[in-house]
Amino acid sequence: MTLMRIININGPINSGKSTISKMLAEILPQSLFIEVDNLLSDEEQAAMNLSMEQGWGERIERLNVCIEKEKQKKHYQNIIFAYPITEKLYRRWVSWENGDTSFINITLSPNMTVCLQDRGERKLDEWERTRIKEMYGQGYQNPQCSDFVVDNSTQTPKETLALILSFLEGNI
């Protein structure tokens, strides 16, 4: 049986997590990309009367349910999602590992100046800019719990993807 990899692409807001995760899911065999932000809509969060932090927690709980279901189904070799990780979440998600699954946390770590710029079609609002600065202050760009850190400040997404694929090939 093939080992299922659960791969989180970590990093601050606007570091390229979703872009790289989607590209990775297109290339790796039998892959599922889970868009964590879509697990709870803003409308549903408001209807549930959840604060922003409670909404993040609800998304994480829903992600956990999705991953546990996929582990049981065993339809995929790779489950990929993009989420800024804390040490507490890392410890929780490492518990997904068993003889059939491994958890890999890859961090995108562009310099803060790059993250604060509008990139591609994404236009940052002031809340996002403030949150990016907070995330850099909290160390999201270089956590102790990362298996691989990529400074993608000057790289194209394809170059970043190539580095990640090379890392994953060495960790099959």
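Colleague: Which residues do ring pairs link into a cluster?

Modeller: The cluster consists of Phe81, Tyr83, Tyr90, Trp93, Trp96 and Phe103. This is a predicted model, in which local features need pLDDT of at least 70 and side-chain atom pairs count only at pLDDT 80 or more, while totals for chains, interfaces and linings use all residues. Residues are numbered from 1 along each chain as its sequence is written, and side-chain values use heavy atoms, with hydrogens and water left out.

Colleague: What makes two rings a pair, and how many aromatic pairs does the structure hold?

Modeller: Rings of Phe, Tyr and Trp (its six-membered ring) pair if their centres lie within 6.5 Å, and planes under 30 degrees apart count as stacked, over 60 as edge-to-face and the rest as tilted. With that rule the structure holds nine aromatic pairs.

Colleague: Why is the pair of Trp93 and Phe103 called edge-to-face?

Modeller: The ring centres of Trp93 and Phe103 are 6.1 Å apart, which is within 6.5 Å, and their planes stand at 70°, which is over 60, so the pair is edge-to-face. Trp93 belongs to helix H4 and Phe103 to strand S4, so the pair ties together parts that are ten residues apart in sequence. Trp96 and Phe103 also form an edge-to-face pair, with 5.8 Å from centre to centre and 80° between the planes.

Colleague: How do you know whether Trp93, Phe103 and Trp96 are buried or exposed?

Modeller: Buried means under 20% relative accessible area, exposed over 50%, and partly exposed in between (1.4 Å probe, protein chains only). Trp93 has a relative accessible area of 0%, Phe103 has 3% and Trp96 has 4%, so each of these values falls under 20% and the three residues count as buried.

Colleague: Is Lys88 buried or exposed, and why?

Modeller: Lys88 has a relative accessibility of 64%, and because that is over 50% the residue counts as exposed. Lys88 lies in helix H4 (residues 87-94), where helices (H or I, at least four residues) and strands (E, at least two) are DSSP runs, numbered from the N terminus.

Colleague: Why are Asp42 and Arg59 said to form a salt bridge?

Modeller: A salt bridge is a side-chain nitrogen of Lys or Arg within 4 Å of a carboxyl oxygen of Asp or Glu. The closest N and O atoms of Asp42 and Arg59 are 3.7 Å apart, so the pair meets this condition. Asp42 is in helix H2 (residues 42-47) and Arg59 in helix H3 (residues 52-73), so the salt bridge ties together parts that are 17 residues apart in sequence. The two partners are placed in opposite classes, because Asp42, at 58%, is exposed, whereas Arg59, at 6%, is buried.

Colleague: What is the distance between the closest N and O atoms of Arg92 and Glu61?

Modeller: For Arg92 and Glu61 that distance is 2.9 Å, which is within 4 Å, so this pair also counts as a salt bridge. Arg92 in helix H4 and Glu61 in helix H3 are 31 residues apart, and the pair thereby links distant parts of the chain. Arg92, with 35%, is partly exposed, and Glu61, with 37%, is partly exposed too.

Colleague: How many salt bridges are counted by this rule, and which residues are linked in a network?

Modeller: The count comes to twelve, and Glu44, Glu58 and Arg62 are linked in a network of salt bridges.

Colleague: Why does Asn10 count as buried, and what lies 2.6 Å from a polar atom of its side chain?

Modeller: Asn10, placed in strand S1, has a relative accessibility of 0%, which is under 20%, so the residue counts as buried. A polar contact is a pair of N or O atoms within 3.5 Å, where within protein one must be able to donate a hydrogen and the other to accept it, and where residues adjacent in sequence count only if both atoms are side-chain atoms. The backbone nitrogen of Ile85 lies 2.6 Å from a polar atom of the Asn10 side chain, and the side chain of Thr107 makes a polar contact with the side chain of Asn10 at 2.8 Å.

Colleague: Which residues does Asn10 touch?

Modeller: Taking contact to mean heavy atoms within 4.5 Å, and not counting residues up to four places away in sequence, Asn10 touches residues including Ser15, Lys17, Tyr83, Asn105 and Tyr140.
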